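Here is a brisk tour for a newcomer. Start with the display below, then follow one helix outward.

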Amino acid sequence: MGSISLTIDGRSVEVEEGTTVLEAARKAGIAIPTICAHKDLNPYGACRICVVEIKGVRGYPTSCTTPATEGMQVTTQSEPLRELRNRTLELMFSGHPNSCLVCVHREACEQYRPTATKAARSTRCGFCANRDECDLREMALKAGSNELHLPTLYASYNLERDDPFMDRDYNLCVLCGRCWRICEKIHGQPAISIINRGKWARIGTAFDKSHVFSGCTFCGACIDICPTGTLTDRFARWQGKPEQEITSTCQLCPEGCSVVAQVKEGRLLAYTMTEFSQEAGLCALGRFGAAQILANANRLTRPLVREGEDLIPMDWQGTLEVTASQLAQHRGKIAVVASASTSREDRYLYGQLASQLGGQLITLAVNAGAEDSQISSLMQSVEKGAITAVIVGGNLVPLELVTRLKCSVIIDALPSPVSEAANIVLPAAILSEAGGTFRNAHCRIKPMAGCSRAPGDARPEWHILCSLGQALNLRSFEHTSVAGITPAIVNDPPPEPIPGNPRQNVRELATRFRGHLLADILPSLGAFGLPATPKTAVTEPTGAGFTITEKKEIAPNMHFFKVVAPQVAKFAQPGQFVILMAKETSERSPFTLVDWDAKAGTISLVIEEVGRSSRELASLAAGETMAHVSGPLGLPLAIENKGTVVLGGGCYGIGAIYPLARALRQAGNRVICAIEASSSYLLYMQDTLAEVCDELIIATKDGSEGVRGGIQEVIAQVADREPVNQFIAIGCTFMMRMATAVSKELAIPTLVALNPIMVDGTGMCGACRVTIGEDTKFACVDGPIFDGHAIDWDELASRRSAYARQEVQALSQQVDLTALMHQAQGNGCSCGR
Amino acid sequence: MPSEQHSLEAILSQYAQNRDSLIPLLQDIQEQFQYLAPEAIAAVAAHLNLSENDVYGVATFYAQFRFVPPGLHHIRVCEGTACHVRGSDRILESISRSTGIAPGQTSEDGKFSLERVACFGSCALAPVVVVDDKVYGRMTAPKTQKLIEEKK
């Protein structure tokens with residue numbers, strides 16, 4: 001192909017024929033903004049952000065779809081282009097949550113809330129997992145405009161959380177089409193497509209089938225290519241942007257695919273494709289499974305040595321000495337069993353150990369378990385007394401084999417009945433925690449990067465085996481690095497391939513890892529029909545529970561509950577709260593009482609879905625029960641006639657101010673209720689509140705309804721026109737902090753209801769400690785209502801975020817997360833918009 | 001139903017196995033069965049070597065395709081410009097309310113199905129409702145209510 005020359009912004013560029021104007025500009029180092037264009041996708045021309053001016057061409061063609069021609073004169077920056085791009089962006093934002101971009105408090109909010117809130121629905125940047133990586137947000141911030149001239153239309157599509165690995169929120173989708181295009185490119189027949197048309201066009205599957213049945217292979221390419229927060233990896237979603245991306249090899253099955261390990265703070269977030277192509281495709285296990293196996297809460301973290309009935313934790317030195325002395329007594333009668341999903345170095349060392357100890361080495365295929373024929377013959381040798389000790393790298397032998405032997409050493413990462421019955425358990429670092437090389441079923445040798453941290457005292461197997469060899473005084477075990485072992489390996493055979501193609505069919509994934517059934521480690525894999533150990537039914541201790549009589553998502557993320565709790569309803573007073581547990585195994589979490597009816601014996605609550613406990617509660621439906629409702633807790637608000645009282649509520653606080661407003665008004669106060677939300681579609685209970693106050697003032701951060709701004713603007717405006725005798729704010733820490741700063745300046749007596757982390761709610765644990773002036777108080781028994789001008793907000797904010805990382809981990813834990821999700825009914829949330 | 005299966009296969013066999021056949025094939029199937037069932041979409045996808053999602057994506061783009069069997073009485077409400085300005089929105093809403101179905105749906109008892117149509121070309125009679133190919137002009141919400149009551 002010949003080359004052509006063209007001029008872009010006055011710069012002359014030489015490119016191959018067939019190059020698009022966009023590619024030519026990039027080659028010349030000229031940046032043209034785009035959303036739908038991606039280097040690994042064919043030109044599509046959907047977003048129209050990349051428009052340019054070309055001399056002699058009418059209008060504003062999209063540079064991504066226009067081929068460069070000889071002598072072409074292109075302009076990429078001009079006033080009309082800037083205007084066009086901004087208008088296009090505005091149109092996109094009309095259908096994409098945008099309030100954070102136009103919010104007058106954005107800078108302060110980002111300072112005080114550096115991490116996004118892990119909400120169910122991302123109704124703004126501050127609630128979006130993709131905040132730090134969002135192309136759209138970056139573009140909008142660059143454009144610099146904080147005015148949107150179009151209304152925000154929230155589509156209210158249901159969240160899709162019905163498959164094992166992905167969270168999909170099409171309310172954030174801008175229809176750039178990157179996801180289905182990459183799906184088509186990699187798989188030929190896409191598992192998703194644009195369905196419907198016009199206003200109702202969205203990405204979906206045929207007849208809205210779950211992705212488990214739509215032909216999706218869960219390669220994760222759509223997630224990795226999505227420019228917005230629409231498609232997310234449920235496990236990695238809230239963990240933030242990866243700090244490192246390291247090329248490595250997945251060893252979960254004999255395919256040994258090349259991967260890019262995304263690592264943050266020493267933890268693996270995901271294995272992703274090395275490039276967006278069919279050849280580089282990954283299976284669900286590699287893409288999503290690896291990181292979740294490593295993060296498993298049951299990982300073995302300390303060496304354990306048997307003392308009678310118990311396995312006692314011991315240091316490595318002591319454990320190795322005990323192990324060596326025990327094994328030394330069985331020389332010549334030792335069997336070593338390893339899995340094919342170990343590195344070449346590990347298998348070499350297992351082999352050395354076996355041969356030097358005069359024993360036999362058994363290597364099991366990836367999908368093989370204790371029923372393998374090699375294991376049956378091992379069992380026979382044990383019965384005959386020919387084998388008296390075993391070293392097993394996984395859950396690879398039957399329990400009875402271990403119980404029959406006096407000496408059994410298990411080197412593994414996860415517990416199993418076998419490790420629990422063993423004499424010695426050595427915790428292993430696995431996958432991205434251990435380096436080395438891997439020979440795949442296609443005979444290729446690939447490097448594995450040790451790039452994430454192992455939990456506790458777990459060590460790579462090569463390290464364990466070298467130490468063990470040295471403790472046994474064996475030859476050539478003096479290696480200090482895995483790279484030192486590699487050259488010694490000769491003629492290692494490739495592992496046996498697994499049947500089927502896991503990259504094309506999720507029902508053909510490897511079934512085991514180190515002998516453990518993968519569906520036991522990651523229960524959600526059961527959705528693909530992977531075998532799991534039958535569970536003995538866990539019977540939850542069933543108290544009567546507290547019946548939910550009414551449940552509704554009244555605004556995105558806001559769930560209204562009416563619960564039968566007669567004792568609470570009988571004694572409740574304004575300003576008090578209850579502690580709830582969705583299930584017997586749930587955490588306790590506090591929620592303000594919104595209303596109660598002593599006669600009917602019911603209480604009402606508004607629960608915002610922003611974490612694991614609230615998600616468990618939000619997943620309950622009317623007719624079901626909550627395991628525990630304890631309360632009423634905390635000191636009620638002293639109801640006095642003060643004159644004019646302004647009540648400010650944001651988020652869950654909109655509901656929480658309701659009982660205060662009612663009581664204060666009955667006591668003769670002039671009550672002004674002020675409520676804030678990011679955008680008008682997030683408001684709720686306006687009518688109910690209006691009934692119990694003299695005036696209802698609405699504020700929205702994007703100005704879509706009422707005052708533009710928040711409670712802080714409203715309190716200033718009200719104080720400007722009439723004297724305010726009391727101000728009470730309930731909502732997020734940020735809102736209360738900002739509003740109290742204003743009320744302090746205006747010298748308005750102010751109360752706030754604090755929301756620190758709380759455990760028992762009865763003053764015992766001290767988790768809810770707050771500093772009020774000079775005093776230390778417990779929010780549960782001394783509060784939750786305190787003088788807003790005396791609070792140490794920095795301390796409150798830091799104590800509230802003390803467990804941020806654990807909260808994220810808890811959210812993504814495998815435990816029944818998918819099972820918790822009811823298929824939502826109807827068209828999205830019931831906010832009616 | 002074996003006979004339907006048979007005729008679905010018969011329709012498929014008349015079309016070349018490439019993407020160009022997609023829309024004529026869907027039209028032919030709809031003419032035969034009055035709607036595109038999930039099984040029909042799956043069969044078309046298999047015949048043309050496309051993904052079901054892709055076929056469904058194309059089919060849902062066109063207003064002419066239905067995905068549920070039509071009711072005994074098929075009601076079409078014109079939403080064209082002339083009808084729109086003369087209040088067809090309210091007519092559609094009133095029909096939705098009295099039949100309990102949204103456009104594109106069929107009532108549970110199978111009596112009614114509802115469809116939104118761009119223009120019938122009877123703008124002089126706006127707003128227009130067509131029930132089972134009979135045109136009713138100058139409609140109002142009460143008139144449509146009455147019409148539905150009669151058909152119930």
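## A helix with one buried face

This is a predicted model. In helix H9 of chain A, four residues are buried: Thr319(A), Leu320(A), Thr323(A) and Leu327(A). Viewed down the axis of H9(A), its buried residues fall within an arc of 95 degrees, so they line one face of the helix. The face turned away from that buried side carries exposed residues. These are Gln317(A), Gly318(A) and Ser325(A).

H9(A) runs over residues 316–328, 13 residues in total. From first C-alpha to last it reaches 18 Å. That is close to the 18 Å expected at 1.5 Å a residue. What do the buried residues of H9(A) pack against? Their partners are five strands and a helix of chain A: strand S12 (304–307), strand S14 (334–339), strand S16 (389–392), strand S17 (407–412), strand S18 (424–429) and helix H14 (461–471).

## The domains of chain A

The domain assignment splits chain A into domain 1 (166–294), domain 2 (304–488), domain 3 (546–632) and domain 4 (644–812). The C-alpha centres of domain 3 and domain 4 of chain A lie 20 Å apart. Their contact takes 19 residues from domain 3 of chain A and 20 residues from domain 4 of chain A.

Which elements give two or more residues to the domain 3 side of this contact? They are strand S24 (546–555), strand S26 (577–581), strand S27 (589–597) and strand S28 (602–608) of chain A. S27(A) supplies the largest share, 5 residues. By type, the domain 3 side divides into 11 nonpolar, 4 polar and 4 charged residues.

## Where the chains meet

Chain A also touches chain B. That contact takes 14 residues from chain A and 12 residues from chain B. The chain A side divides into 7 nonpolar, 6 polar and 1 charged.

## Chain B

Chain B has 152 residues, and 30% of them count as buried. It holds 7 helices and 4 strands. Along the sequence, the pattern reads α-α-α-α-β-α-α-β-β-β-α.

How far does chain B span along its principal axes? Its C-alpha trace covers about 50 × 30 × 25 Å. Now take the contacts in chain B with a separation of 6 or more. Residues 24 or more positions apart account for 59% of them.

Technical notes: Residues are numbered from 1 along each chain as its sequence is written. Chains are lettered from A and ligands numbered from 1 in the order in which they are written. This is a predicted model: local features need pLDDT of at least 70, side-chain atom pairs count only at pLDDT 80 or more; totals for chains, interfaces and linings use all residues. A residue is buried if 20 or more other C-beta atoms lie within 10 Å of its own, exposed if 12 or fewer, and partly exposed in between; C-beta atoms are placed from the backbone. Two residues are in contact if their C-beta atoms, placed from the backbone, lie within 7 Å. Ala, Val, Leu, Ile, Met, Phe, Trp, Tyr, Cys and Pro count as nonpolar, Asp, Glu, Lys and Arg as charged, and the others, Gly among them, as polar. Domain bounds come from an automatic or database domain assignment. The expected span of a helix is 1.5 Å times one less than its number of residues. The arc is that of the directions from the helix axis to the C-beta atoms.
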